[in-house]
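Q: Could you take a close look at a single helix of this protein for me, and explain how that part relates to the rest of the chain?

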Amino acid sequence: MVAVVLGTALTALNTAPALATESPEVSSKAVNDMSGYCTTCWRNARLHPDNWTDCTQEVFARLLERVTPRAWDQVLSAEGDERREFMRAIDAVKKRSQRSRKWTTNTIETVADRRGMQERRFTNELDAVRQAARELLSERQQRILQMSFEGWSVKDIAEELQTPAERISDEKYKAVCKLRERLQRSEW
């Protein structure tokens, strides 16, 4: 594990030749301890376990840029510049990983098209109203409601059906009351 993490970090930086003479001086205990510390940080930050290895390697890559491998033994043992750089690297990687997770989640929610769901709900409700209307209302009341849904005013409906507007208004009111009662009962 130590060799893989250290090798990957060195390769990622394209600095393997420059640090090749220093790598034997890095103790495997220091790398293992830092790796374990990183794993604990990723768990506490609730990062997905699939990302832990990549995040740890990124921390080592950042450390190689800022701290000489000879000083890695001091990273967890004493307060100092090495420890501060290690903590900065962990924090930066953790925040980057958390931001990428939030971005992915929000993007999916943003892209989701809810119009289809709303249209289906509206269609289902309209079908329920039509079914109840066929069962409860006379053909005349059904026609009055249909014309009303299409945007006809009471006055226009009255002229079309050659009936007084008051009568159309009354029939429309009674039809709506019947439908409302039926649909409210079916909800319970």
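**A close look at helix H3**

A: Read along the sequence, this predicted model follows the pattern α-α-α-α-α-α-α-α-α, and the protein chain holds nine helices and zero strands. Of its 188 residues, 29% count as buried. Among the contacts in the chain with a separation of 6 or more, 67% are between residues 24 or more positions apart.

The part to look at closely is helix H3, which covers residues 28-44. H3 has 17 residues, and from its first C-alpha to its last it reaches 24 Å, which is close to the 24 Å expected at 1.5 Å a residue.

Now consider which residues of H3 are hidden from the surface. The buried residues of this helix are Ala30, Val31, Met34, Ser35, Cys38, Cys41 and Trp42. They cover an arc of only 130 degrees around the axis, and therefore they lie on the same side of H3. On the face turned away from that buried side, H3 carries the exposed residues Lys29 and Asn44. To follow this contrast you need the cut-offs, since a residue is called buried when its relative accessible area is under 20% and exposed when that area is over 50%.

The next step is to see what the helix contributes to the interior. The largest nonpolar core has 22 residues, and those that touch the most other members are Met34, Trp42, Val59, Trp72, Phe86 and Ile90. Helix H3, helix H4 (52-66) and helix H5 (81-111) each supply at least two residues of this core, while the largest share, six residues, comes from H4. Two of the residues just named, Met34 and Trp42, also appear among the buried residues of H3.

Phe86 offers a useful view of this core from another position in the chain. When its neighbours within four places in sequence are left aside, Phe86 is in contact with Met34, Tyr37, Cys38, Val59, Leu63, Val75 and Leu76. Of these partners, Met34 and Cys38 are listed among the buried residues of H3, so that reading the two lists side by side links the buried side of the helix, an arc of only 130 degrees, to Phe86.

Finally, look at what comes after the helix. H3 is followed by Arg46, and the phi of Arg46 is positive, near 60 degrees.

Notes
Residues numbered from 1 in each chain as written. Predicted model: local features only at pLDDT ≥ 70, side-chain atom pairs only at ≥ 80, totals over all residues. Heavy atoms only, no water. Core = buried A, V, L, I, M, F, W, Y, C linked by side-chain atoms within 4.5 Å. Buried < 20%, exposed > 50% of the residue type's maximum accessible area, 1.4 Å probe, protein only. Helix = DSSP H or I, 4+ residues; strand = E, 2+ residues; numbered from the N terminus. Contact = heavy atoms within 4.5 Å. Expected span 1.5 Å × (residues − 1). Arc of directions from axis to C-beta.
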